[in-house]
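Hello,

Here is the structure I said I would pass on to you. Please open it alongside this message, and then read on for what I found.

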Amino acid sequence: QLQASGGGLVQAGDSLRLSCAASGRTFGFHVMGWFRQAPGKERELLARISSRADTDVVESVKGRATISRDSAKNTVYLQMNNLKPEDTAVYYCARSYYNTREVQKYTVWGQGTLVTVSS
């Protein structure tokens, strides 16, 4: 089970750190990803982190997004800086057994946390 938190209403230029707490003993074996879905748009991957902490950030947020994991706390984080109104979306964390960008390979999802960026 995954529990995402940290969303809220922020202003353009602000930063936000999202957290995703995982339950269970297999956290260290999974690839964890952060995604977002804006109204009317498909869910998109933003960043993923492997069990060895190798990271991959997609071009659309590269330079503004950082993904990290704390295995002692079974938690993965997404730090987003210089937020823009177009970053407004529901942000989700998910896990996969595969180190992939394919959204459909992520099979366990958190409930999502809403980030709203005002201009």
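Below I go from the overall picture to the sheet, the core and one loop residue.

Please keep in mind that this is a predicted model.

**Overall picture**

The protein contains eleven strands and zero helices, so its pattern along the sequence reads β-β-β-β-β-β-β-β-β-β-β. A compact globule of 119 residues would have a radius of gyration near 14 Å, and the protein, at 13 Å, agrees with that. Along the principal axes, the C-alpha atoms fill a box of roughly 40 × 25 × 25 Å. Buried residues make up 45% of the 119 in the protein. If you look at contacts with a separation of 6 or more, 56% of them are between residues 24 or more positions apart.

**The four-stranded sheet**

A good place to start is the open sheet built from four strands in the order 1-3-8-7, with antiparallel pairing. Strand 1 and strand 7 are its edges, each pairing on one side only. On average, neighbouring strands here are turned by 15° against each other, direction ignored. As a general reminder, strands of a sheet pair through backbone hydrogen bonds, either parallel or antiparallel.

Strand 3 is worth following residue by residue. Towards strand 1, its antiparallel pairing runs over four bridges, and L2 stands opposite A22 of strand 3. Towards strand 8, there are six bridges, again with the strands running antiparallel. On that side, R17 faces Q79 in strand 8, while A21 has T75 of strand 8 as its bridge partner. Strand 3 is also mostly covered, with five of its seven residues buried.

**The nonpolar core**

Which residues have the most contacts inside the largest nonpolar core? They are W34, L78 and Y91, in a core of 34 residues. The elements giving two or more residues to this core are strand 1 (2-5), strand 3 (16-22), strand 4 (31-37), strand 5 (44-49), strand 7 (65-70), strand 8 (75-80), strand 9 (89-96) and strand 11 (113-118). Strand 9 provides the largest share, five residues.

L78 is a handy residue to centre your view on. Leaving aside residues up to four places away in sequence, L78 touches L16, R17, L18, W34, L46, A47, A65, T66, I67 and Y91. W34 and Y91 are thus among the residues that L78 touches, and R17, which stands opposite Q79 in the sheet, is on that list as well.

**A buried serine in a loop**

Finally, have a look at S50, which sits in the loop between strand 5 and strand 6 (55-57). Is S50 buried or exposed? Its relative accessible area is 6%, and because that is under the 20% cut-off, S50 counts as buried. A polar atom of the S50 side chain lies 3.2 Å from the backbone nitrogen of R52. Beyond residues up to four places away in sequence, S50 touches H30, V31, R69 and N99.

If you only have a few minutes, I would suggest looking at L78 with its contacts and then at S50 in its loop.

Best wishes

Conventions. Residues are numbered from 1 along each chain as its sequence is written. This is a predicted model: local features need pLDDT of at least 70, side-chain atom pairs count only at pLDDT 80 or more; totals for chains, interfaces and linings use all residues. Side-chain values use heavy atoms; hydrogens and water are left out. A nonpolar core is a set of buried Ala, Val, Leu, Ile, Met, Phe, Trp, Tyr and Cys residues joined through side-chain atoms within 4.5 Å. Buried means under 20% relative accessible area, exposed over 50%, partly exposed in between (1.4 Å probe, protein chains only). Contact means heavy atoms within 4.5 Å. Two strands pair if DSSP finds at least two bridges between them. Axes are lines fitted to C-alpha atoms, for helices over the stretch in contact, and angles run from 0 to 180 degrees between N-to-C directions. A polar contact is a pair of N or O atoms within 3.5 Å; within protein, one must be able to donate a hydrogen and the other to accept it, and residues adjacent in sequence count only if both atoms are side-chain atoms. The radius of gyration is taken over C-alpha atoms; the globule rule is 2.2 Å times the number of residues to the power 0.38.
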